[in-house]
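The following explanation is intended for a reader who meets this structure for the first time. Please keep the sequence and the three-dimensional view at hand while reading.

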Amino acid sequence: MGGMGVIYKAMQEPLNRIVALKVLLPLTSRNEESSKRFELEAKAISLLQHQNIVNIYEYGEEGEYRFFAMQFVDGEDLAKKIQRRKNMSYTEIIDISKQICRGLRYAHSKSVIHRDIKPQNVLIDKGGVALLSDFGIAKIFSSTHLTLTGVTVGTPEYMSPEQAEGRTLDQQTDIYSLGIMMYEMVAREPPFTGENPVSIAYKQVHETPIPPSVRRKDIPKRLELIILKALKKEKRDRYGSAEEMLEHLDSVDLDERVERPTLSFTNRREETEHVLDKRITDRRSGDRRRGRAGRGASGRSAGSLLDLEYWIEMVRSQWLALLLGGGVGIAFIAHLLLMH
Ligand SMILES: Nc1ncnc2c1ncn2[C@@H]1O[C@H](COP(=O)(O)OP(=O)(O)OP(=O)(O)O)[C@@H](O)[C@H]1O
Ligand SMILES: [Mg+2]
């Protein structure tokens, strides 16, 4: 059972074909217009045919229920893979990310946005092929289940800032959610979590993510930069297309690690951003300039001196330098006192 309905493993007659049957929760209000909209949207997503997208065989309505019969993927979803005890290897993380990027590139070229990219919607079959499921279904669901409060359908941990704010969405929302998912594959936890959906949505809009290298130190440098660029709050700083992101994923050098300077966390973050701009956007210097101008507006900095999280992180990552620095200081003061 998911957020929008129930999913069954079913048999399609008379083909004797195993399918995944997704039955959406009954309509809260039913009218001509919502039925028509469902038809239109369902038609658009059922036309998507790609190796990395779960194929939709059929859609329809039966009484108050609407359903999709989809390709059954024999394997497991990415959420389960992440939750296993062992860390995912970087080769596997990059492989899965690239497959998802290819699926997105195709769907975006047909003007279809997923809107609900999350590990539960990535199915991995036994041959290692990653397939995106529930393409565009979040939109159909929310547009035909008009709620009184106008709640956005989606999962807060994976929502883009523009989605969290209820703004109009384009393909870049999927790129952000993919960035969150990649972060989670590396760190086994998404960057923004919290007690309730509102606090998580707030973080999506205002908080800068802690660089993944703080959570998993051996991450290839370029992979970290790609994730951080996908997670930019402002769309103009983020990857403009899945194609562009795919190109960068192709160039990850698995042996190039993030350096661990002994400077403070603040400097480290600035340096990461600096490298990010240089390494990834230098082909589009116009964007880079605008990015710098817009950064101040994109919310609280993780390096703020009043931020408890910052100090905890600082002590955790720099304890040796702090200890040594303190030792040298004490020795120096003792030396001065003895001289007098
Ligand atoms: N086509 C499929 N083939 C095999 N298993 C599937 C398929 N689609 C979904 N599943 C399995 O069923 C689970 C529930 O899927 P479902 O889409 O109903 O919920 P969800 O992805 O958790 O949330 P949402 O309703 O927001 O999509 C998935 O996590 C996956 O394990
Ligand atoms: Mg799903």
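**A helix across a sheet**

In this predicted model, helix α3, formed by residues 90–109, lies across β6 and β7. The direction of helix α3 makes an angle of about 40 degrees with that of β7.

The two strands beneath this description belong to an open sheet of 3 strands, arranged in the order β5-β6-β7 with antiparallel pairing. In general, the strands of a sheet pair through backbone hydrogen bonds, in either a parallel or an antiparallel manner. Here, β5 (75–77) and β7 (130–132) each have a single partner strand and stand at the edges, so one side of each is left without a neighbour in the sheet. From one strand to the next, the twist averages 25 degrees.

The pairing of β6 and β7 may be followed in detail. Strand β6 covers residues 122–125 and joins β7 in the antiparallel sense over 3 bridges. Within this pairing, Leu123 stands opposite Leu131 in β7.

Attention may now turn to the ligand. Around ligand 1 there are 18 residues, of which Gly2, Gly3, Ala20, Val73 and Gln120 come nearest. The elements giving two or more residues to this shell are β2 (17–24) and β4 (65–71). Classified by type, the shell comprises 8 nonpolar, 6 polar and 4 charged residues.

These parts belong to a protein chain with 13 helices and 7 strands. Of its 340 residues, 35% are buried. Among the contacts in the chain with a separation of 6 or more, 68% are between residues 24 or more positions apart.

Conventions: Residues are numbered from 1 along each chain as its sequence is written. Chains are lettered from A and ligands numbered from 1 in the order in which they are written. This is a predicted model: local features need pLDDT of at least 70, side-chain atom pairs count only at pLDDT 80 or more; totals for chains, interfaces and linings use all residues. Helices (H or I, at least four residues) and strands (E, at least two) are DSSP runs, numbered from the N terminus. A residue is buried if 20 or more other C-beta atoms lie within 10 Å of its own, exposed if 12 or fewer, and partly exposed in between; C-beta atoms are placed from the backbone. Two residues are in contact if their C-beta atoms, placed from the backbone, lie within 7 Å. A residue is near a molecule or strand if its C-beta atom, placed from the backbone, lies within 6 Å of it. Ala, Val, Leu, Ile, Met, Phe, Trp, Tyr, Cys and Pro count as nonpolar, Asp, Glu, Lys and Arg as charged, and the others, Gly among them, as polar. Two strands pair if DSSP finds at least two bridges between them. Axes are lines fitted to C-alpha atoms, for helices over the stretch in contact, and angles run from 0 to 180 degrees between N-to-C directions.
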